[in-house]
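Dear colleague,

I am handing over the structure we spoke about, and you will find the sequence and the coordinates just below. Please look through them before reading on.

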Protein chains: 2
Amino acid sequence: MTRVLLVDDEPQLLRALGINLRARGYDVITANDGADALTVAARHPPDLVLLDLGLPDMEGVEVVAGLRAWSTAPIIILSARHEQAQKVAALDAGADDYVTKPFGVDELLARIRATLRRASPVEDTAVVTTEAFTVDLAARTVRTEAGEVRLTPTEWHILEILVRHPGKLVSQQQLLREVWGPAYSTETNYLRVYIAQLRRKLEPLPSRPRYLLTATGLGYRFEP
Amino acid sequence: MTRVLLVDDEPQLLRALGINLRARGYDVITANDGADALTVAARHPPDLVLLDLGLPDMEGVEVVAGLRAWSTAPIIILSARHEQAQKVAALDAGADDYVTKPFGVDELLARIRATLRRASPVEDTAVVTTEAFTVDLAARTVRTEAGEVRLTPTEWHILEILVRHPGKLVSQQQLLREVWGPAYSTETNYLRVYIAQLRRKLEPLPSRPRYLLTATGLGYRFEP
DNA sequence: CCGAGGCGTCAAGGAACCGTTAAGAAGCGG
DNA sequence: CCGCTTCTTAACGGTTCCTTGACGCCTCGG
């Protein structure tokens with residue numbers, strides 16, 4: 001069941017919205033200030049967060065940052081019209097969406113569904129297994145039959161991006177931009193070096209790669 | 001560089017917002033009515049669309065549908081408060097977000113960043129299937145009954161354009177321009193070579209094409 | 001009947017790209 | 001300050017891909 005963390009300092013809203021969400025089959029947990037939200041979230045990691053901006057103890061952006069430090073669950077901001085600036089800051093800090101108060105319940109539910117639909121394909125699989133190796137995205141470890149493999153930060157970064165898009169082609173530009181930054185989008189030889197290192201460490205036959213495949217002129221692909 | 005298509009019938013807004021966006025490093029192209037928007041988008045596929053609802057010639061929902069017919073770029077609606085109903089219709093037709101006029105530039109920029117951040121990793125799972133082969137536009141893979149087909153960058157580029165306009169004729173000029181650039185609009189023999197290669201790889205009977213059809217003197221058409 | 005233009009096919013040379021290796025530079029911990 | 005790991009950079013051989021020209025087929029119009 002999808003767990004929703006609902007953060008607001010108005011008990012009535014907490015109650016009304018909680019009833020509505022539970023009626024739709026969500027598992028709802030609540031918090032009424034920022035510190036509480038972080039504590040509750042740490043104990044019961046939510047799949048989605050509804051965050052009111054007018055909290056008594058913390059700025060919304062701090063709460064977002066505190067969650068984003070470890071969680072990738074989507075965050076929807078609930079904001080009053082006069083909290084414009086905070087809303088923008090919260091979105092920049094990593095929130096995914098917002099709804100302006102007062103809002104209709106139907107609109108909020110639609111946004112929840114849309115946001116969850118967008119987020120779902122990536123986050124479920126914290127561990128990716130192939131016949132040759134196992135990647136634990138949360139623990140940042142890779143194991144083969146021979147034991148645990150040591151990866152450098154850059155090697156891991158590349159592997160993580162590929163593994164998070166299983167079966168899909170990841171363009172050279174995307175890899176270079178995400179790992180080295182936008183200024184390096186043409187340094188394709190970096191990729192050649194690191195892909196070769198990953199293959200040497202992970203592929204049963206590095207010269208005949210089975211999992212880290214090349215799409216000449218386009219990019220690379222992880223094939224589970 | 002991220003290309004933004006800005007559609008509005010007010011020249012002042014077009015100008016002011018265009019300056020602001022360009023200052024932030026976006027590549028901005030503009031259109032001042034719905035028909036113009038579709039034409040411009042076809043010629044320079046945008047990464048994101050900002051669409052005003054109060055256009056003189058078409059309903060917003062039509063423009064959204066026209067774009068969604070082939071593009072998965074996120075669409076943000078710019079709507080006045082009295083266009084509530086149209087806004088809902090546009091969102092249902094496939095728009096991704098909306099901002100209500102009058103809006104602050106900072107808010108809009110934040111929405112743009114958030115929307116692009118969301119859109120990039122997911123990429124949408126557009127899959128086109130025929131009886132002979134399956135094209136996964138996101139994963140950039142093509143499968144036939146015989147297994148996965150390896151395509152070169154240019155082959156893929158052409159196939160992608162045709163598949164994104166199913167049933168529609170794509171002119172030779174358009175194909176040549178999009179794949180090789182404006183200077184090659186007359187090198188039609190390039191097309192003959194690559195269409196032949198695609199047929200050999202995808203058509204059950206390459207000599208009697210069923211899916212990649214020739215429109216003599218005009219261009220080619222993908223028939224699902 | 002014949003020529004012209006458009007299309008499909010093939011092959012070859014050259015350009016671009018990829019995998020690999022290695023060595024110097026830079027950062028980090030002891 | 002030294003040694004270790006990691007990153008950057010350059011060079012090479014091999015492979016793939018793009019470009020280009022030639023040729024035959026078909027259709028259509030003269």
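What follows is a description of what was found, taken part by part.

Please keep in mind throughout that this is a predicted model.

I begin with the sheet in chain A, where five strands form an open sheet in the order β2-β1-β3-β4-β5, with parallel pairing. The edge strands, each of which pairs on one side only, are β2 (27–31) and β5 (97–100) of chain A, and from one strand to the next the twist averages 20°. As general background, the strands of a sheet pair through backbone hydrogen bonds, in either a parallel or an antiparallel manner. Within this sheet, β3 (residues 48–52) and β4 (residues 75–79) of chain A are joined in the parallel sense over four bridges, and A:L51 has A:I77 in β4(A) as its bridge partner.

Turning to the helices of chain A, α1 (residues 11–23) lies across β1 (3–7) and β2, and runs at about 165° to β2(A). Helix α3 (residues 60–68) and helix α4 (residues 84–93) of chain A pack at an angle of about 10°, and their axes are 8 Å apart. Angles under 35 degrees count as roughly parallel, and α3(A) and α4(A) are therefore roughly parallel to each other. On the α3(A) side the contact is made by A:G60, A:V61, A:V64, A:A65 and A:R68, which meet A:Q86, A:A89, A:A90 and A:A93 in α4(A); by class, these residues divide into six nonpolar, two polar and one charged.

In chain B, α6(B) and helix α7 (residues 172–180) pack at an angle of about 135°, with 10 Å between their axes, and the two helices are therefore oblique to each other. The crossing of α6(B) and α7(B) is right-handed. Here B:T154, B:H157, B:I158 and B:I161 in α6(B) meet B:L175, B:E178 and B:V179 in α7(B), a contact that has four nonpolar, two polar and one charged residues.

Finally, which residues are the closest to DNA strand D? This strand is surrounded by 19 residues, of which the closest are A:T152, A:P153, A:T154, B:T152 and B:T154. The elements that give two or more residues to this surface are α6 (153–163) and α8 (188–202) of chain A, together with α6 (153–163) and α8 (188–202) of chain B. By class, the surface near DNA strand D has seven nonpolar, eight polar and four charged residues. B:T154 thus appears twice in this account, among the residues closest to DNA strand D and in the contact of α6(B) with α7(B).

With best regards

Notes: Residues numbered from 1 in each chain as written. Chains lettered and ligands numbered in written order. Predicted model: local features only at pLDDT ≥ 70, side-chain atom pairs only at ≥ 80, totals over all residues. Near = placed C-beta within 6 Å. Nonpolar A, V, L, I, M, F, W, Y, C, P; charged D, E, K, R; others polar. Axes fitted to C-alpha atoms, helices over the stretch in contact; angles between N-to-C directions. Parallel < 35°, antiparallel > 145°, perpendicular 65-115°, else oblique. Left-handed = near helix turned anticlockwise from the far one by under 90°. Contact = placed C-beta atoms within 7 Å. Pairing = 2+ DSSP bridges.
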